[in-house]
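Biologist: I should like to go through the terms used for this model and see how each one is justified. Shall we begin with the protein and the DNA?

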Amino acid sequence: MSSGLEGVVGSDQLLSGLNPAQVEAVTAPDVPVLVLAGAGSGKTRVLTHRVGYLVATGRARPEAVLSVTFTNKAAREMRSRLAALLGGEPRGMWLGTFHACSARMLRLRGEEAGVPRDFVIYDEVDRLAVLKEGMRLAGVDEKRTSASTVSGEISRSKNDLVDAIGYAERAHGYVEGLVARVFPHYELLLQSNRALDFDDLLLRSVRLLESSDETRDYFRARFAHVLVDEYQDTNRAQYSLLRLLVEEHRRVTVVGDPDQSVYSWRGADIRNILEFQRDYPDALVIPLEQNYRSTAAILRAAGAVIQENSMRVEKGLWTDGPEGTAVTVAQFYDEREEATAVAREAVTLVDRGEADFGEIAVLYRTNAQSRSFEEVLLRAGIPYRLVGGVRFYQRKEVKDVLAYLRLLVNRQDRVAFERVVNLPKRGIGGQSLQQLMRAAQGLSVGYWELLADPASIGIRGQAASGLKRFGLTIEEVFDRGVSWPLVQVFDRMVESTGYRSYLRDGSPEGEERWANVMELRGLAAEQGDGPMLESLPAFLEQVALAGEGDQLEEGSRAITLITLHQVKGLEFPVVFVTGVEEGLLPHVRSLDTVAELEEERRLLYVGMTRAKRLLYLSHCFQRHLYGSPKAAIPSRFLAPLGKSGAMERWGANGDFPSARPYVAPVAAHGQPAPLRRAREVVMERATSPGPPVLIEARFRGGDRVEHARFGKGSIATSEMTPGGEEVVIDFDSSGRRRFAVTDAVLRKLG
DNA sequence: AGGAACAGTTTTTTT
DNA sequence: AACTGTTCCT
């Protein structure tokens, strides 16, 4: 196996500790390689080691490798692992997401395909602003067809490599007809803003490679080895891009798991991985089936769930690890009780020394679900980190400052301009702006040039002076700051535009927003002391392409709150998959086709297979939707769990008190049975055979305790009430307080 | 132009 | 419940 490797430093590490299948994947020859990697089978490891192996054995120079990951975080992680394997950072290697690599290709060669060198990247919010303008121009009523519908349609089209013309040609039906009218306007607006949306990055890269033989040859020579992670989640555009890069030399390795394909709504096409062998008949297919992550109990439960899918390639995922604790299925009254139960179970585990908060993850289908958890954890003083949610880069104040900075790079960025031109108030209203834009259109000049003399186009008064001042301020920051370091420009900008004083209005919220701006400043400072002219575009690109998982730093001591989509690729010793209910998982919007339904099931599978030691699934009796309570029914996906040996734990007052073999609550005719409230269930259980449900006080008078917020103290009294245990505590430093134990996080001392 | 009060709505997931 | 957009008033 080591022939040809003698004397190569580090090759031992590259293969040691790998199982035979992994070794085969790492050392595979220069043919198309498909690694079908089951959950927890060491797929990232294989990918990293293969890159390292190619480099260490001299088969590939680092700068000849393109390695595509699904998130920026995965890219960073791979880079650092490679550095460890190779004893130094791999120089010149391209390592990033499809979008990031595309952007980079376009910066290098995009002008050949009509992409301006200084293009900006629009996110979903920016794109909606452009789209709304486009809809106005096309005379499409936003009330009848929402901008987000149109956005989704255009996005899907671009991901299928269909442009505005192509779309119009094949559009049929009402909505498609409307979209076909808006699409060209949208494209023209993007062009005049010198902006690309996310989908353009892929689309334009493909067009670039298609249109120029020279450029295509250049990149083909450049990337003699291409590797792709999470191949099951690639879309048509990504597929084509890959094809264009490797079809000649065929040194391509893709890694993925069809059972973890959960991005079809973003255009991902599971056929890409299923048909890899058809695309490359000589492909080497290597299945990785040994799971190193989860206990046998968890693996069995997850397997029982995914097995229900009809569209899949059977895999024999196995482990030689311990059986572990049975998977828990629990029902709670509502999302509040669910959150409380999770919090208390987490505290119990931490108290018993079975886990650290940082080892626990709470998973859910929709971001909105994070709220109840946040509320409970916040009140309880349990540390948590929320992934996604109101994302940092989407916060108003962050977007505002970025808009100001974007103008320095690209004065034609109308979305940025309109965002901040009247922030703080400069007396510029919608009327004046419309006038400005109309005049610019009529005179065929950029609107920016008209700022110098608004009177000439009939804008007077406050608006005129405001516009003029705004233009001058931006130009001045630019002129004086061209060669400054980015941070300095940053400071100057928020100062001279008055944005700082606008934000810091003396309110606590204002200070918090300012703190976010300062956090952004910190990121800007990381760009170094080079001239702003170079560092600013790099900064803006980095920010535009940054994903949310990216803020997830390792070694946190906090509970992780995260969506099922974002958790892909991560693992935690303890996992709670919450809200496993009809309408949520599977989501109501995914019930139209079998394909959608099965994707929802894969989502649950992804969630379950994140767990290493303990796995909890929960659902509620009722859940609030848009403010009003709605009955919830356990997910159909839970049905096969009974056969896996999962245990059912009735939730009472937010606890996981007793367990019995899980019986799926499904009626004889296959419809999920209606459920009773958890509290009623508890009472019923108490009078039926089996272990009695114990609800007893956790604390007694005299117990020494520590509260997350108030510190140490002694229990004065403890009593059981219908709502749970209530204690009175004499705190050493802050006197006597009363708590419901459910709400307070108390650690017993001694 | 700008604010307050009001009405109506809410795609789930994200590079 | 929270957020958006609209309308009406100053």
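Modeller: A backbone N or O atom of Gly427 lies 3.3 Å from a phosphate oxygen of DNA strand B. The model is predicted: local features need pLDDT of at least 70, side-chain atom pairs count only at pLDDT 80 or more, and totals for chains, interfaces and linings use all residues. Residues are numbered from 1 along each chain as its sequence is written, chains are lettered from A and ligands numbered from 1 in the order in which they are written, and side-chain values use heavy atoms, without hydrogens and water.

Biologist: Why is the pair formed by Gly427 and DNA strand B called a polar contact?

Modeller: A polar contact is a pair of N or O atoms within 3.5 Å. The Gly427 pair is at 3.3 Å, and therefore qualifies.

Biologist: Which atoms of Ser148 and Tyr626 meet DNA strand B?

Modeller: In Ser148 a backbone N or O atom lies 2.9 Å from a base oxygen. In Tyr626 a side-chain N or O atom is 3.3 Å from a phosphate oxygen. Helix 7 (147-159) and helix 20 (430-443) each give two or more residues to the surface near the strand; helices are DSSP runs (H or I, at least four residues), numbered from the N terminus.

Biologist: What makes a residue count as near DNA strand B?

Modeller: One of its heavy atoms must lie within 4 Å of the strand. Of the 29 residues around DNA strand B, Ser148, Arg365, Asn367, Gln566 and Arg589 come nearest.

Biologist: How much of chain A counts as buried?

Modeller: Buried means under 20% relative accessible area (1.4 Å probe, protein chains only), and 54% of the 750 residues of chain A count as such.

How values were computed
Buried means under 20% relative accessible area, exposed over 50%, partly exposed in between (1.4 Å probe, protein chains only). A polar contact is a pair of N or O atoms within 3.5 Å; within protein, one must be able to donate a hydrogen and the other to accept it, and residues adjacent in sequence count only if both atoms are side-chain atoms.
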